[in-house]
2 protein chains.
Amino acid sequence: VEQQQQSPNSQLKKGVLELCILSILQQQQEAYPSNMLENMREANLIIPEGTLYPILTRLKNAAYLTYRWVESTEGPPRKYFSLTAEGIVYRQQLFDAWQELNESVSKILQQTNTKQHS
Amino acid sequence: VEQQQQSPNSQLKKGVLELCILSILQQQQEAYPSNMLENMREANLIIPEGTLYPILTRLKNAAYLTYRWVESTEGPPRKYFSLTAEGIVYRQQLFDAWQELNESVSKILQQTNTKQHS
């Protein structure tokens, strides 16, 4: 079965979402999903809620996140997520991998652009 | 069924490989798979051959690439790939998406690092 072609954007985004979510949690100490989406939106990274939840579940199952329920005056109780010690280590690994990859991609793109203009 | 956790590196890489391969082809005009792997290796982006082939097939099926067979004195004939007009447009879209995403991720990471050191 031929897999449906994803939008260019979505495949690129998928790779970095874990790093972004973990980084937001490291910065905020504790956050509930709407907080995270707002933080990403402020950085112009727009993802649907339906994309966020499975990632949070996966990270929680991998023991990188934990959560607690917090009562809210504005509606139902909210799940506040925070990083575990393993999550802090994993975020650092992702961060290092991202930096390294970014450097590689920059090199490849630069060669292309140099060639185009020469 | 719980999906096996991928290495941090591999999920990040997956998102950018199409952009890298298309960019190498734009730069080289024409290349066979070993050329592409060598180009990536020079930029410190190491992927196994088995990862490259399915991406080339997917890009070819999407009409972004074409290829021709070229005789080689060193062994069997080689498949030389090149970009189609649609492939040039798609590469530009991926490039733009990558630039935009990179900016968003930088913002999120910068906030985290600022917070950590303050």
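Author: Partly exposed means a relative accessible area between 20% and 50%; buried means under 20%, and exposed means over 50%. The model discussed here is predicted.

Reader: Why is A:Arg68 called partly exposed?
Author: Its relative accessible area is 46%. That value falls between the cut-offs of 20% and 50%. Therefore A:Arg68 counts as partly exposed.

Reader: What makes A:Arg68 and A:Glu30 a salt bridge?
Author: Their closest N and O atoms are 2.6 Å apart. The rule asks for a side-chain nitrogen within 4 Å of a carboxyl oxygen. The pair passes.

Reader: Which parts does the pair of A:Arg68 and A:Glu30 tie together?
Author: A:Arg68 belongs to strand 1 of chain A, and A:Glu30 to the loop between helix 1 and helix 2 (33-42) of that chain. The two parts are 38 residues apart in sequence, so the pair ties them together. A:Glu30 is partly exposed as well, at 26%.

Reader: How many salt bridges are there over all chains?
Author: The count is six. One of them joins the side chains of A:Glu18 and A:Arg58, at 2.9 Å from N to O. This pair links distant parts of the chain, with A:Glu18 in helix 1 (residues 8-28) of chain A and A:Arg58 in helix 3 of chain A, 40 residues apart.

Reader: Is A:Glu18 buried or exposed?
Author: Buried. Its relative accessible area is 2%, and the cut-off is 20%. A:Arg58 has 29% and is therefore partly exposed.

Reader: How do you know that B:Arg58 forms a salt bridge with B:Glu18?
Author: The closest N and O atoms of B:Arg58 and B:Glu18 are 2.9 Å apart. The limit is 4 Å. Here B:Arg58 in helix 3 and B:Glu18 in helix 1 (residues 8-28) of chain B are linked across 40 residues. B:Arg58 is partly exposed at 27%, while B:Glu18 is buried at 3%.

Reader: What is the count of salt bridges between chain A and chain B?
Author: Zero.

Reader: How many aromatic pairs does a search of the whole structure find?
Author: It finds nine over all chains. One of them is A:Tyr64 with A:Tyr90, whose ring centres are 4.1 Å apart and whose planes meet at 5°.

Reader: Why is the pair of A:Tyr64 and A:Tyr90 called stacked?
Author: Centres must lie within 6.5 Å, and planes under 30 degrees apart count as stacked. With 4.1 Å and 5°, the pair is therefore stacked. A:Tyr64 sits in the loop between helix 3 (49-61) and strand 1 (65-72) of chain A, and A:Tyr90 sits in helix 4 (residues 85-117), so the pair ties together parts 26 residues apart in sequence.

Reader: What makes A:Tyr90 count as buried?
Author: Its relative accessibility is 4%, against a cut-off of 20%. A:Tyr64 is buried too, at 16%.

Reader: Why is the pair of A:Trp98 and B:Trp98 tilted?
Author: The centres are 5.7 Å apart and the planes lie at 50°. Stacked needs under 30 degrees, and edge-to-face needs over 60. The angle fits neither, so the pair is tilted. It crosses between chains, from helix 4 of chain A to helix 4 (residues 85-117) of chain B. Both A:Trp98 and B:Trp98 are buried.

Reader: How do you know that the charged end of A:Lys79 sits over the ring of A:Tyr67?
Author: It is 4.4 Å from the ring centre. The distance limit is 6 Å, and the charge must also be within 35 degrees of the ring normal. In chain B, B:Lys79 lies over the face of B:Tyr67, also at 4.4 Å. A:Tyr67 is in addition linked by ring pairs with A:Trp69 and A:Phe81 into a cluster.

Reader: What turn and shift lay chain A on chain B?
Author: A turn of 180° and a shift of 0.0 Å along the axis, with an RMSD of 0.0 Å. That is the relation of a two-fold axis. A:Gly15 comes closest to the axis among the residues of chain A, its C-alpha at 2.8 Å.

Reader: How do you know that the copies meet through the same surface?
Author: Of the interface residues of chain A, 100% are also interface residues in chain B, so the surface is the same. Each side gives 46 residues to the contact.

Reader: What area do chain A and chain B bury between them?
Author: About 4400 Å², with 60% of it on carbon and sulfur atoms. In chain A, A:Leu12, A:Gln27 and A:Ile108 lose the most area to chain B, together 15% of what that side buries.

Conventions. Residues are numbered from 1 along each chain as its sequence is written. Chains are lettered from A and ligands numbered from 1 in the order in which they are written. This is a predicted model: local features need pLDDT of at least 70, side-chain atom pairs count only at pLDDT 80 or more; totals for chains, interfaces and linings use all residues. Side-chain values use heavy atoms; hydrogens and water are left out. Rings of Phe, Tyr and Trp (its six-membered ring) pair if their centres lie within 6.5 Å; planes under 30 degrees apart count as stacked, over 60 as edge-to-face and the rest as tilted. Helices (H or I, at least four residues) and strands (E, at least two) are DSSP runs, numbered from the N terminus. Buried means under 20% relative accessible area, exposed over 50%, partly exposed in between (1.4 Å probe, protein chains only). Copies are superposed by least squares on the C-alpha atoms of residues with pLDDT of at least 70 in both. Contact means heavy atoms within 4.5 Å. Buried area is the accessible area (1.4 Å probe) that two parts lose on being put together, summed over both.
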